[in-house]
Amino acid sequence: SSFCNHHDTSALLLFKNSLNTPSQLETWKNGTDCCEWKGVTCDTISGHVIGLDLSFGDLEGQLHPNSTIFSLNHLQRLCLAYNHFFGDIPSTISHLSKLLSLDLSSNYDSRRMRVDPYTWNKLIQNATNLRELYLDDVDMSSIGVSSLSLLTNLSSSLISLSLVSTELQGNLSSDILSLPNLQQLY
């Protein structure tokens with residue numbers, strides 16, 4: 001077993017404190033090993049947080065551009081699905097360049113999460129190893145087909161893509177539909 005990296009512990013505690021319902025993360029306590037906290041996965045050697053699965057956590061709040069969650073430089077998996085997050089997804093999510101899996105789907109709040117073209121472009125250009133991308137129910141109405149075609153940058157990695165109820169408009173280009181490793185497209 002590993003002990004959590006000090007920087008990552010601080011970042012997670014600050015993230016917890018930024019939420020409107022931090023009581024859902026009752027195992028996240030100062031002075032304890034964050035590798036033992038609910039939803040946290042650590043690298044067994046370095047102790048860095050590499051996975052964060054807070055799905056179905058009944059968490060509530062806004063993802064702020066300066067959120068400490070975006071300083072988790074070793075994060076490979078981030079799942080915030082099925083909570084009550086709202087507002088624009090900040091472009092600082094692109095700092096998570098080692099992401100293999102990102103799931104921001106189905107946040108229940110009537111004030112849906114939204115991704116703008118600038119954030120979309122930065123995310124796709126920086127998270128070049130993404131294998132799974134789930135953005136169901138995220139408002140992507142401002143993303144044009146040309147910006148969507150940036151997914152070809154992920155041609156060597158993308159296996160699963162889900163964009164259900166995102167309000168995307170237009171025709172999918174054949175280069176997206178023919179991504180060589182894509183196994184699931186929703």
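## Leu25, a buried loop residue

Leu25 sits in the loop that runs between helix 1 (6–18) and strand 1. The model shown here is predicted. Is Leu25 buried or exposed? Its relative accessibility is 3%, so Leu25 counts as buried. The cut-off for buried is under 20%.

What touches Leu25, once its neighbours within four places in sequence are left aside? The contacts are Lys16, Leu19, Leu54 and Leu59. Take Leu54 from that list. Leu25 and Leu54 are 29 residues apart along the chain, and 9.0 Å separates their C-alpha atoms.

## The sheet of seven strands

Now to the sheets. Strands of a sheet pair through backbone hydrogen bonds, and they may be parallel or antiparallel. One open sheet here has seven strands, in the order 1-2-4-6-8-9-10. Its pairing is mixed. Strand 1 (40–42) and strand 10 (184–185) are the edge strands, because each of them pairs on one side only.

Look at the strand 1 edge. Strand 1 pairs with strand 2 (residues 49–53) in the antiparallel sense. Three bridges make up this pairing. Which residue of strand 2 stands opposite Thr41? Gly51 does.

## The sheet of three strands

A further open sheet has three strands. Their order is 3-5-7, and the pairing is parallel. At the edges are strand 3 (60–62) and strand 7, each pairing on one side only.

Strand 3 runs parallel to strand 5 (residues 84–88), and three bridges join them. Gly61 has Phe85 of strand 5 as its bridge partner.

## Ser160, buried in a strand

Ser160 belongs to strand 9 (residues 160–162). Strand 9 is part of the sheet of seven strands. With 2% relative accessibility, Ser160 counts as buried.

Which side chain does the side chain of Ser160 meet in a polar contact? The partner is the side chain of Gln184, at 3.0 Å. Gln184 also appears among the contacts of Ser160 beyond four places in sequence. The others on that list are Arg131, Glu132, Leu133, Tyr134 and Leu182.

## Ser105, buried in a loop

Ser105 lies in a loop, between strand 6 (101–103) and strand 7 (113–114). Strand 6 is in the sheet of seven strands. Strand 7 is in the sheet of three. Ser105 has a relative accessibility of 3%, so it counts as buried.

The side chain of Ser105 makes a polar contact with the side chain of Asp103, at 2.9 Å. It also reaches the backbone oxygen of Tyr134, at 3.4 Å. Beyond its neighbours within four places in sequence, Ser105 is in contact with Ala81, Tyr82, Tyr134, Leu135 and Asp136. Tyr134 is also in contact with Ser160.

## The largest pocket

Rolling a probe the size of a water molecule over the atoms shows where empty space is left. In this model, the largest pocket has a volume of about 170 Å³. Its lining counts 15 residues. Which of them are closest to the centre of the pocket? They are Leu148, Leu163, Thr166, Leu168 and Leu172.

How does the lining divide into nonpolar, polar and charged residues? Ten are nonpolar, four are polar and one is charged.

Technical notes:
Residues are numbered from 1 along each chain as its sequence is written. This is a predicted model: local features need pLDDT of at least 70, side-chain atom pairs count only at pLDDT 80 or more; totals for chains, interfaces and linings use all residues. Side-chain values use heavy atoms; hydrogens and water are left out. Two strands pair if DSSP finds at least two bridges between them. Helices (H or I, at least four residues) and strands (E, at least two) are DSSP runs, numbered from the N terminus. On a 1 Å grid over the protein atoms alone, a cavity is a set of points where a 1.4 Å probe fits but cannot get out, and a pocket is an open set with protein on both sides within 12 Å along at least five of seven lines; lining residues have an atom within 4 Å of a point. Grid points are joined across faces, edges and corners, and a volume is the space filled by probe spheres set on the points. Ala, Val, Leu, Ile, Met, Phe, Trp, Tyr, Cys and Pro count as nonpolar, Asp, Glu, Lys and Arg as charged, and the others, Gly among them, as polar. Buried means under 20% relative accessible area, exposed over 50%, partly exposed in between (1.4 Å probe, protein chains only). A polar contact is a pair of N or O atoms within 3.5 Å; within protein, one must be able to donate a hydrogen and the other to accept it, and residues adjacent in sequence count only if both atoms are side-chain atoms. Contact means heavy atoms within 4.5 Å.
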